[in-house]
Amino acid sequence: ACEEGAALNGMRAYDRAKGSYERALVIKPGSTEVKALIDGLNAILLKKKDREKFHALGDQDKALAQVQAALKEPGRSGDVELLVLEARILIAKGLSGQAVPLLNTVLQREPRYLDALSLRASVLEKSNVPDQQQAAVADYYSLMLHDPWSPSYHHRLARLLCHTQGKCDEAMEVLEQAKTKAPNDAETHYQMGVLLAHRARHADALARFDGSLALDNACARCHL
């Protein structure tokens with residue numbers, strides 16, 4: 001858990017890093033080192049929450065003005081966290097085309113910045129341009145490589161491959177990888193069921209939905 005936390009912290013996934021360290025603290029209760037790491041992350045997350053408050057409240061114009069003003073302050077023009085926040089706000093305002101260059105700049109500096117990579121993939125996958133869709137595929141494979149602890153990238157990539165690009169065999173391989181890494185992840189079983197239903201393999205799809213329900217009986221979608 002400590003190794004996972006350190007990796008996630010290095011990729012600026014602070015909330016998940018904190019969760020990893022909290023699990024480590026259960027294993028090693030009383031560890032002052034782990035407690036200090038959690039305290040440091042709490043301070044970072046508190047600052048992040050304050051910085052993103054207008055965006056979280058839905059006031060994107062005010063949020064954008066605040067971020068752009070901060071970027072003009074001495075020494076802050078290259079602040080990657082502010083640039084990612086600006087990109088997120090632009091996406092919320094329906095200006096994804098302006099957000100991608102910002103994310104490209106961030107990822108040139110920090111190729112493993114998870115939030116930036118995930119945001120760019122989510123924008124590019126919605127494009128009707130095949131090259132941009134393929135760039136999203138590459139981003140998802142990078143996310144799977146850098147962050148092996150989250151199966152969500154496998155789910156998103158599988159949907160893109162099968163439903164958008166028609167590569168359903170490759171999509172199933174991606175979901176099988178997720179299932180191997182996290183066999184008790186209900187969402188993975190559900191996504192496999194969706195893919196199988198898309199291919200008119202209804203009996204197999206029902207078996208996957210049942211598997212998802214067995215892992216999470218609150219899965220309302222599995223009854224559909």
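Q: Which class does arginine 199 fall in: buried, exposed or partly exposed?
A: The model is predicted: local features need pLDDT of at least 70, side-chain atom pairs count only at pLDDT 80 or more, and totals for chains, interfaces and linings use all residues. Numbering runs from 1 along each chain as its sequence is written, and side-chain values use heavy atoms, without hydrogens and water. With a 1.4 Å probe and protein chains only, buried means under 20% relative accessible area, exposed over 50%, and partly exposed in between. Arginine 199 has 35%, so the class is partly exposed.

Q: Which residue forms a salt bridge with arginine 199?
A: A salt bridge needs a side-chain nitrogen of Lys or Arg within 4 Å of a carboxyl oxygen of Asp or Glu. Here the closest N and O atoms are 2.9 Å apart. Arginine 199 is in the loop between α12 and α13, and its partner is in helix α11 (residues 168-181), so the pair ties together parts 30 residues apart in sequence. The partner is aspartate 169.

Q: Which residues do salt bridges with shared partners join into one network?
A: The count for the model comes to 16 salt bridges. Those that share partners join Arg12, Arg51, Glu81 and Glu110.

Q: How many residues apart in sequence are aspartate 61 and lysine 93?
A: They form a salt bridge, with closest N and O atoms 2.5 Å apart. Aspartate 61 is exposed at 52% relative accessibility, whereas lysine 93 is partly exposed at 32%.
Helices are DSSP runs (H or I, at least four residues), numbered from the N terminus. Aspartate 61 sits in helix α5 (residues 60-71) and lysine 93 in the loop between α6 and α7 (96-109), a separation of 32 residues.

Q: What is the angle between the planes of tyrosine 190 and phenylalanine 209?
A: Rings of Phe, Tyr and Trp (its six-membered ring) pair if their centres lie within 6.5 Å; planes under 30 degrees apart are stacked, over 60 edge-to-face, and the rest tilted. The whole structure holds one aromatic pair. Tyrosine 190 and phenylalanine 209 are both buried. Their pair is tilted, with 5.4 Å centre to centre and an angle of 40°.

Q: Which helix gives the most to the largest nonpolar core?
A: A nonpolar core is a set of buried Ala, Val, Leu, Ile, Met, Phe, Trp, Tyr and Cys residues joined through side-chain atoms within 4.5 Å. The largest has 58 residues, and Val84 and Ala116 are among those with the most contacts inside it. Eight of the core's residues come from helix α6.

Definitions and conventions
Helix = DSSP H or I, 4+ residues; strand = E, 2+ residues; numbered from the N terminus.
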